[in-house]
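Dear colleague,

I am passing on a structure for you to look through. Please open it first, and then read the notes below it.

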Amino acid sequence: MTVDHPIFTRWPIQYPDRLQLYSAPTPNGVKVGIMLEETELAYEPHRVDIMANENHDPAFLALNPNGKIPAIYDPHGPRGRPLALFESGAILIYLADKTGQLLSTDPGTRYETIQWLMWQMGGVGPMFGQVGFFNKFAGKAYEDKRPLQRYAAESARLLGVLDARLADRDWVMGADYSIADISLLGWVRNLIGFYEARELVGFDRFRQVRIWLDRGLARPAVQRGLVVTA
């Protein structure tokens, strides 16, 4: 197969017939690694070192002009044509449709699942990320603690929404594990782990979320997906 995308000059590939993953072990980055492991699609991972600003390399920007991970290049995209794709939520939907897995084909269930995916993308990710910034990283030194308090309170509220959703079900969509769960696992894991915010958000009071998180992290594909670009 002929490959001529600029990304391949910066990150050479060994298996041009496989889907190419460009990512890092962040909450958004691990979503796609988990999805690929769950669906058992053949892929080749490439770590993009965001701390070294590799995501702003012109070759990467040719793949994702927004300069964020993750991104993929599928040599076997729709109608057999190559497809470059960024935004983790869009990639999850694409891979679900490509494989026929982890996203129901029933219209009502499908859109409800996408609804929860969008909830993660628009709420959980931004809020938990801000907690990380103000609790652990550069924002920790800020004398004014009101931003941290604001984001911690909103993150706790979102955990409450998820806890209520999980009150009578194993997964976000009920009995069936889906891309909604995949989108959330890395973020909840990071919030109480890497971001060191377990006590800050009162995580232990959210019993259903704790049970769900343990159940999700116990999945072999999740364990593998968390480290594919580590």
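**What was found**

Of the 230 residues in the protein chain, 50% are buried. Please keep in mind that this is a predicted model.

The overall build comes next. The protein chain holds nine helices and four strands. Read from the N terminus, its elements follow the order α-β-α-β-α-β-β-α-α-α-α-α-α. The radius of gyration is 18 Å and the globule rule gives 17 Å for 230 residues, a close value, so the protein chain is as compact as a globular protein of that length. Along the principal axes, the C-alpha atoms fill a box of roughly 55 × 45 × 25 Å.

Contacts and surface can be put briefly. Among contacts in the protein chain with a separation of 6 or more, 65% are between residues 24 or more positions apart. The exposed area of the protein chain is about 11100 Å², and 51% of this comes from carbon and sulfur atoms.

The rest of this message is about aromatic rings. A pair of such rings is described by two values, the distance of the centres and the angle of the planes. Rings of Phe, Tyr and Trp count as a pair if their centres lie within 6.5 Å, and planes over 60 degrees apart make the pair edge-to-face. By this rule there are twelve aromatic pairs. One of them joins W11 and Y22: the ring centres are 6.2 Å apart and the planes stand at 70°, so this pair is edge-to-face. It links distant parts of the chain, with W11 in the loop between α1 (7-10) and β1 (19-23) and Y22 in strand β1, eleven residues apart. W11 and Y22 are both buried.

W171 and Y177 also form an edge-to-face pair, with 4.9 Å from centre to centre and 70° between the planes. Both of these residues, W171 and Y177, are buried.

Y177 has a charged partner too: the charged end of R219 sits over the ring of Y177, 3.7 Å from the ring centre. Elsewhere, the ring of Y15 has the charged end of R18 over it, at 3.8 Å from the centre.

Which residues form one aromatic cluster? They are F133, F134, Y142 and Y151.

When you go through the model, W171, Y177 and R219 can be viewed together, since Y177 pairs with W171 and its ring lies under the charged end of R219.

Best regards

Terms used: Residues are numbered from 1 along each chain as its sequence is written. This is a predicted model: local features need pLDDT of at least 70, side-chain atom pairs count only at pLDDT 80 or more; totals for chains, interfaces and linings use all residues. Side-chain values use heavy atoms; hydrogens and water are left out. Rings of Phe, Tyr and Trp (its six-membered ring) pair if their centres lie within 6.5 Å; planes under 30 degrees apart count as stacked, over 60 as edge-to-face and the rest as tilted. Helices (H or I, at least four residues) and strands (E, at least two) are DSSP runs, numbered from the N terminus. Buried means under 20% relative accessible area, exposed over 50%, partly exposed in between (1.4 Å probe, protein chains only). A charge sits over a ring if NZ of Lys or CZ of Arg is within 6 Å of the ring centre and within 35 degrees of the ring normal. The radius of gyration is taken over C-alpha atoms; the globule rule is 2.2 Å times the number of residues to the power 0.38. Contact means heavy atoms within 4.5 Å. Accessible areas come from the Shrake-Rupley method with a 1.4 Å probe; for residues, only the protein chains shown count as cover.
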